Amino acid sequence: MTRKYSRRKITRVKERQFGKNLGHYIYRSPNGGYQFMRSTWEVKYANFLDQKGIKWTYEPMAFKTSEGFYFPDFYLPGEACWVEIKGRLTDEAAKKMENFQKSYPNEKLTILRGNDLKDLGIDI
C-alpha cells in the first residue's frame with residue numbers, strides 16, 4: 001500500500017537521510033519554475049522530459065521499505081511510472097530499489113543508467 005507524506009514530512013526525512021544537501025543542481029524549467037536536484041543527469045533528464053512535453057514531478061513521495069525511506073527520482077503521471085536515474089549503482093542503492101519493488105509491486109519503476117540516457121539522445 002502506498003503511503004503519502006506531506007511535503008514538510010518528506011523534507012524532514014530527506015534532511016535526516018541526506019543531511020542538508022537536498023540538491024546541488026538547479027533545473028530551471030521552461031515555465032519559469034526551478035527544482036533542486038542531486039545530479040546533472042537528473043537535470044538533463046528533466047530537460048529532456050520538458051522538451052518532449054512529458055509531465056513529471058521530482059521526488060514527490062517517500063516510500064517506506066524495510067531498508068528505510070526510498071525516493072524515486074521522477075514520477076511520470078501520464079505513464080503512471082517512477083523513474084530512477086542511476087550513475088554508479090552501489091549495493092545499498094540496488095537493495096533500496098529491490099525492496100521498493102518488493103514492498104510496492106503495483107508501482108512501476110524504470111531504472112535509467114548512462115547508456116539508457118544516451119539511447120534517448122541525452123548528452124551526458
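These are my notebook entries on one predicted model.

**Entry 1: confidence**

I began with pLDDT, since this is a predicted model. The chain averages 84. I noted that 81% of the residues score at least 70. Then I looked for a weak stretch. Residues 1-5 stay under 50. For that stretch the model still has twelve contacts beyond four places in sequence. Where pLDDT is low, the predicted coordinates should not be read in detail. I left those contacts alone.

**Entry 2: layout**

I counted elements next. There are four helices and eight strands in the chain. I read their order from the N terminus as α-β-β-α-β-β-β-β-β-α-β-α. The chain has 124 residues, and 37% of them are buried. I also checked contact range. Of the contacts between residues at least 6 apart in sequence, 48% join residues at least 24 apart. For surface, I noted about 7800 Å² exposed by the chain. Carbon and sulfur atoms supply 47% of that area.

**Entry 3: helix H2**

I took H2 as my helix to inspect. It covers residues 40-51, twelve in number. I looked up its span from first C-alpha to last: 16 Å, close to the 16 Å expected at 1.5 Å a residue. Which residues of H2 are buried? I listed Glu42, Val43, Tyr45, Ala46, Phe48 and Leu49. Glu42 caught my eye as a carboxylate on that buried list. After the helix I checked Gly53, which follows H2. The phi of Gly53 is positive, near 75 degrees.

**Entry 4: Leu112**

I moved to strand S8, residues 108-112, where Leu112 sits. Is Leu112 buried or exposed? Its relative accessibility is 11%, so Leu112 counts as buried, the cut-off being under 20%. I then pulled its contacts, leaving out residues up to four places away in sequence. Leu112 touches Tyr45, Val83, Glu84, Ile85, Lys86, Leu117 and Leu120. Tyr45 links back to my previous entry, as one of the buried residues of H2. I also looked up the C-alpha separation of Leu112 and Glu84, and found 6.1 Å. These two are 28 residues apart along the chain.

**Entry 5: a nonpolar patch**

I finished on the surface. Ile26, Tyr34 and Phe36 make a nonpolar patch of about 310 Å². I placed Tyr34 in strand S2, residues 34-37. Why does Tyr34 count as exposed? Its relative accessibility is 55%, and exposed means over 50%, so Tyr34 qualifies.

Note on methods:
Residues numbered from 1 in each chain as written. Predicted model: local features only at pLDDT ≥ 70, side-chain atom pairs only at ≥ 80, totals over all residues. Heavy atoms only, no water. Helix = DSSP H or I, 4+ residues; strand = E, 2+ residues; numbered from the N terminus. Expected span 1.5 Å × (residues − 1). Buried < 20%, exposed > 50% of the residue type's maximum accessible area, 1.4 Å probe, protein only. Contact = heavy atoms within 4.5 Å. Patch = residues over 30% accessible without salt bridge, like charges linked within 9 Å, V, L, I, M, F, W, Y side chains within 5 Å. Areas by Shrake-Rupley, 256 points an atom, 1.4 Å probe, with all protein chains shown as cover. Salt bridge = Lys/Arg side-chain N within 4 Å of Asp/Glu carboxyl O. pLDDT = per-residue confidence, 0-100.
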